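Me: I am new to this structure and would like to learn how to read it. Please take me through it one feature at a time.

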Amino acid sequence: MYNPKSLKAEEFIDHQEILDTLKYADENKENFELIDSLLEKAKNLKGLTHREASVLLACEDEERTRKMFDLAEQIKKDFYGNRIVMFAPLYLSNYCVNGCVYCPYHYKNKHICRKKLSQEEIKREVIALQDMGHKRLALEAGEDPVNNPIEYILESIKTIYSIKHKNGAIRRVNVNIAATTVENYRKLKEAGIGTYILFQETYHKESYEKLHPTGPKHNYSYHTEAMDRAMEGGIDDVGLGVLFGLELYRYEFAGLLMHAEHLEAVHGVGPHTISVPRIKKADDIDPSVFDNGISDETFGKICALIRICVPYTGMIISTRESPAVRDRVIRLGVSQISGASKTSVGGYADGGEEENSEQFDVSDNRTLDEVVNWLMSKGYIPSFCTACYRAGRTGDRFMKLCKSGQIQNCCQPNALLTLKEYLIDYASPETKKIGEQLIKNELDNIPNEKVKSKCIELLELIEKGDRDFKF
Ligand code: SAM
């Protein structure tokens with residue numbers, strides 16, 4: 001039976017509750033009175049329930065759909081301003097014992113080049129990433145207790161944080177590795193990770209079991225309950241995600257929101273981020289085999305509704321999406337994007353492509369400088385900020401900051417300070433020119449006068465060679 005407070009996967013992601021939700025959504029998709037009232041309710045920035053959200057997703061009325069997009073844009077502006085946080089994935093190892101049918105790392109793939117980075121190779125990758133200007137990474141690895149045990153991940157995190165090359169530093173390491181034990185989550189927390197990210201792939205249990213026919217990942221409950229174990233292990237920033245294309249998107253959307261509601265109900269804090277990956281072509285994977293692919297239009301609507309329904313949660317979009325799609329969804333509520341990503345193991349230092357170790361084909365091949373330049377030319381502030389978690393503003397403390405509106409006195413100056421570092425240390429002359437002007441203009445959007453003048457002072461110190469200031 002459905003119970004958001006239960007710690008059992010089948011109860012907080014109750015299949016019947018999702019079916020009833022979809023039925024309710026279908027019955028009400030033309031109930032414009034209800035839909036208008038939901039749109040009104042969403043303006044209070046308290047979010048919407050999975051049932052309410054599912055009605056909006058089912059609604060096909062053009063005018064109301066446009067209102068959803070407009071509202072998402074407004075909420076995004078109110079909470080995140082025009083800042084977009086930058087990150088890059090770092091693939092440590094593609095050894096994997098699982099049989100996920102959509103992922104080229106599945107153990108039966110004898111064609112892909114298997115690779116695991118040594119600590120020396122990790123150093124080279126990190127230096128290459130620092131030389132681009134990255135400060136925040138998402139670690140990626142296949143699941144393989146022999147080749148990629150937790151000790152390997154922990155050692156790699158230590159190596160990454162230890163590298164200081166020129167003015168570079170990786171200041172936040174997020175981790176996207178397979179579901180694990182409370183004890184291991186505790187070790188990850190102690191190693192100083194930022195967010196623990198784990199994509200559900202699909203919330204539909206029966207499909208989940210078919211799509212993960214073998215290996216530890218086959219266990220739906222163990223996978224779905226991972227965030228509760230992570231939180232029990234002390235990690236309070238967790239990142240959810242669905243791999244869109246595997247199952248019906250409306251089912252996934254309801255499941256995703258139910259998962260967020262569950263975390264809020266049990267731990268008092270919802271997900272720190274939500275990722276919205278779509279299946280991509282990869283080594284022996286043809287995305288057209290999966291029947292549930294979604295159009296760019298639907299994808300945009302899902303992004304907009306996530307923004308409306310969980311207004312305080314960050315939303316992440318990777319280079320699985322093309323520049324055109326990214327251009328559209330950053331307006332609708334995406335708050336973090338990756339730039340210049342390589343999905344191959346060792347791809348940053350060596351180019352890596354010819355070795356065929358990639359997880360999927362990227363659709364945005366621009367350099368980080370090009371992405372930063374593009375964002376600024378669209379009026380966004382690319383932010384390399386990692387301050388919140390380093391200042392202990394995680395979990396509910398981050399959410400409180402967000403809800404109080406104080407975020408603007410914190411994130412805005414931090415974004416400008418880290419952008420300034422980027423411009424001085426890594427940007428092309430043209431990007432630097434646009435960026436300097438943007439910083440000047442954006443100082444006025446810091447509401448607190450004292451914070452503003454402190455920020456101006458710190459910008460001058462950065463100009464003189466100092467680094468790593470934060471509010
Ligand atoms: N092995 C870990 C796990 O099982 O969660 C880490 C995940 S993997 C390196 C990162 C994510 O890539 C997966 O969770 C999956 O959603 C996504 N992925 C796998 N195959 C993909 C494909 N063909 N296209 C797009 N994304 C894919």
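The dialogue below goes through strands, crossovers, helix packing and one residue.

Me: What kind of model is this?

Reply: It is a predicted model.

Me: Let us begin with a strand. How many residues of β2 are buried?

Reply: Strand β2 covers residues 136-141, and six of its six residues are buried. Look next at which way the side chains point. Arg136, Ala138 and Glu140 point one way from β2, while Leu137, Leu139 and Ala141 point the other way. Both sets are buried.

Me: Which strands pair with β2, and in what sense?

Reply: To read pairing, look for the bridges between two strands and then for their direction. On one hand there is β1, residues 83-93, which pairs with β2 in the parallel sense over five bridges. On the other there is β3, residues 172-176, also parallel to β2 and joined to it by five bridges.

Me: Which residues could I use to find these pairings in the picture?

Reply: For β1 and β2, take proline 89, which stands opposite alanine 138, and tyrosine 91, which stands opposite glutamate 140. For β2 and β3, take leucine 137, whose bridge partner in β3 is valine 173.

Me: Which other strands does β1 pair with?

Reply: β1 pairs with β9, residues 381-383, over three bridges in the parallel sense. Valine 85 has serine 383 as its bridge partner there. Three bridges also join β1 to β8, residues 336-338, again in parallel, and here methionine 86 is matched with isoleucine 337. As for cover, 11 of the 11 residues of β1 are buried.

Me: Which helices belong to the β-α-β units that include β2?

Reply: Follow the chain from one strand, over a helix, to the next strand, and note the hand of the path. β1, helix α6 (residues 119-132) and β2 make one right-handed β-α-β unit. Another right-handed unit consists of β2, helix α7 (residues 150-162) and β3.

Me: Now two helices. At what angle do α4 and α12 pack?

Reply: Compare the directions of the two axes, then their separation. Helix α4 (residues 50-58) and helix α12 (residues 249-267) pack at an angle of about 155°, and their axes are 9 Å apart. An angle over 145 degrees counts as roughly antiparallel, so that is how α4 and α12 are described. The crossing of α4 past α12 is right-handed. Residues that meet there include Ala53 and Leu57 in α4, and Phe253 and Leu257 in α12.

Me: Are α7 and α8 roughly parallel or roughly antiparallel?

Reply: Their axes come within 10 Å and cross at roughly 10°. The cut-off for roughly parallel is under 35 degrees, and α7 and α8 are therefore roughly parallel to each other. Ile150, Glu151, Ile153, Leu154 and Ile157 in α7 meet Asn184, Lys187 and Leu188 in α8.

Me: Last, a single residue. Is asparagine 176 buried or exposed?

Reply: Begin with where the residue sits: asparagine 176 lies in strand β3. Its relative accessible area is 12%. Buried means under 20%, so asparagine 176 is buried.

Me: What is asparagine 176 in contact with, apart from its neighbours within four places in sequence?

Reply: Its contacts are Leu139, Glu140, Ala141, Ile197, Leu198 and Phe199. Alanine 141 is 35 residues from asparagine 176 along the chain, and their C-alpha atoms are separated by 7.1 Å.

Notes
Residues numbered from 1 in each chain as written. Predicted model: local features only at pLDDT ≥ 70, side-chain atom pairs only at ≥ 80, totals over all residues. Heavy atoms only, no water. Buried < 20%, exposed > 50% of the residue type's maximum accessible area, 1.4 Å probe, protein only. Helix = DSSP H or I, 4+ residues; strand = E, 2+ residues; numbered from the N terminus. Pairing = 2+ DSSP bridges. Right-handed = clockwise from strand over helix to strand, strands pointing away. Axes fitted to C-alpha atoms, helices over the stretch in contact; angles between N-to-C directions. Parallel < 35°, antiparallel > 145°, perpendicular 65-115°, else oblique. Left-handed = near helix turned anticlockwise from the far one by under 90°. Contact = heavy atoms within 4.5 Å.
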